[in-house]
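The following exercises concern how helices pack in a protein model. Please work through each task before reading its solution.

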Amino acid sequence: MKITAVEAVPFAIPYTKPLAFASGEVRTADHVLVRIHTDDGLTGTAEAPPRPYTYGETQESIVAVIGKVFAPQLLGLTALDREAVHAVLERTVGNPTAKAALDMALWDILGQAAGMPVSGLLGGYTDRMRVGHMVGFAPAAEMVAEAERIRDTYGITTFKVKVGRVPYAQDVAACRALREALGPGVELYIDGNRGWTASDAARVLAETADLGLLFAEELCPADDVLGRRRLVAGSPLPFIADESATRPAEVTRELLGGSATAISIKTARTGFTGSQRVLHLCEGLGTEVVMGNQIDGQIGTLCSVAFGAAHRSSSRYAGELSNFLDMADDLLAEPLTIESGTLHVREGAGLGIDIDPGKLARYRQDR
């Protein structure tokens with residue numbers, strides 16, 4: 001399983017409906033397909049989604065750092081040399097989704113070599129996860145219509161509501177409209193993407209206290225250190241750290257510093273190896289986790305459900321696994337399907353990623 005080649009292929013697929021939120025907006029999935037080839041004919045595959053407004057990466061920077069920095073140092077190592085690989089990757093700061101994609105591609109190779117699904121190698125707790133759907137910025141009536149359509153079409157009953165607009169009253173009104181339309185049996189939680197001050201976030205929590213929300217996530221910037229601590233200390237809801245806690249050290253800082261009480265795990269930024277470290281740290285600290293979404297395509301979603309289903313604590317809550325529904329197409333030869341609000345892990349060896357060569361030729365950006 002010696003590494004002989006590393007590919008970073010940029011591709012772009014439009015969204016049928018843009019996803020807008022406090023820190024940005026996504027209209028096109030300008031992602032990078034990452035493939036690692038070995039001397040015994042195995043190929044591991046993953047996807048890197050650039051999010052410049054969160055991590056500073058762009059499609060061009062991911063292609064460059066993989067091709068010019070990482071790939072030359074990985075050639076000759078084997079898929080079993082994961083710690084050696086990570087030692088190489090960690091010598092370069094930043095670039096989380098590029099590193100995560102390389103890690104997951106190596107796990108894909110390991111699963112293929114063992115003839116086992118990666119989810120089984122990671123833990124094998126279950127073969128499926130409940131699915132949660134993100135509802136982006138729009139007028140309240142449109143947000144309700146989207147949630148009802150997703151519920152009625154796919155059986156999804158958990159919704160993450162993007163908030164963080166100013167003035168905040170429009171988000172409070174949207175949450176109230178969603179609760180009234182969907183009823184008490186649907187799970188709702190809010191994600192501010194750092195859009196409010198701590199004071200406004202506290203007012204929102206007070207004004208939505210009767211809505212039965214499940215979580216609150218990143219309502220104000222983590223850099224507002226004292227304000228964030230005051231907000232979390234007074235929050236009636238578990239407070240999720242997401243983009244403020246992307247590595248084990250940051251998770252430790254946010255939890256022990258009183259700036260969060262739950263953690264979002266995203267395989268798109270920590271791969272499988274880093275995500276397990278975050279998960280086990282949270283388990284040791286008695287902290288709940290949710291499986292987050294980096295506005296992933298179907299490849300990234302396959303990775304998320306493989307990891308989330310592998311562990312008891314990461315499969316407890318619905319994972320954010322549906323945003324690919326808003327993409328006009330994808331690269332998989334066999335598209336994912338969500339049925340009765342559930343997404344299954346792909347059967348077979350590795351991650352079960354089979355790329356349609358015709359689609360890749362159509363959407364790749366380097367030719």
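**Exercise 1.** Determine in which hand α7 passes α8, and which residues meet.

Solution. The crossing of α7 with α8 is right-handed (the near helix is turned clockwise from the far one by less than a right angle; anticlockwise would be left-handed). The model is predicted: local features need pLDDT of at least 70, side-chain atom pairs count only at pLDDT 80 or more, and totals for chains, interfaces and linings use all residues. Residues are numbered from 1 along each chain as its sequence is written, and side-chain values use heavy atoms, with hydrogens and water left out. Next, the axes of α7 (residues 198-207) and α8 (residues 225-234) come within 9 Å and cross at roughly 10°. α7 is therefore roughly parallel to α8 (angles under 35 degrees). In contact (heavy atoms within 4.5 Å), A198, A201, A202 and L205 of α7 meet G227, R228 and L231 of α8. These residues comprise five nonpolar, one polar and one charged.

**Exercise 2.** Establish how α2 and α3 are oriented to each other.

Solution. α2 (residues 82-90) and α3 (residues 96-114) pack at about 165°, with axes 11 Å apart. The two helices are therefore roughly antiparallel (over 145 degrees). Their crossing is right-handed.

**Exercise 3.** Decide whether α12 is largely enclosed or not.

Solution. α12 (residues 298-310) has 13 residues. Of these, 13 of the 13 are buried, so α12 is largely enclosed by the rest of the structure (buried means under 20% relative accessible area, with a 1.4 Å probe and protein chains only).

Terms used
Axes are lines fitted to C-alpha atoms, for helices over the stretch in contact, and angles run from 0 to 180 degrees between N-to-C directions. Helices (H or I, at least four residues) and strands (E, at least two) are DSSP runs, numbered from the N terminus. Angles under 35 degrees count as roughly parallel, over 145 as roughly antiparallel, 65 to 115 as roughly perpendicular and the rest as oblique. The expected span of a helix is 1.5 Å times one less than its number of residues. Buried means under 20% relative accessible area, exposed over 50%, partly exposed in between (1.4 Å probe, protein chains only). Ala, Val, Leu, Ile, Met, Phe, Trp, Tyr, Cys and Pro count as nonpolar, Asp, Glu, Lys and Arg as charged, and the others, Gly among them, as polar.
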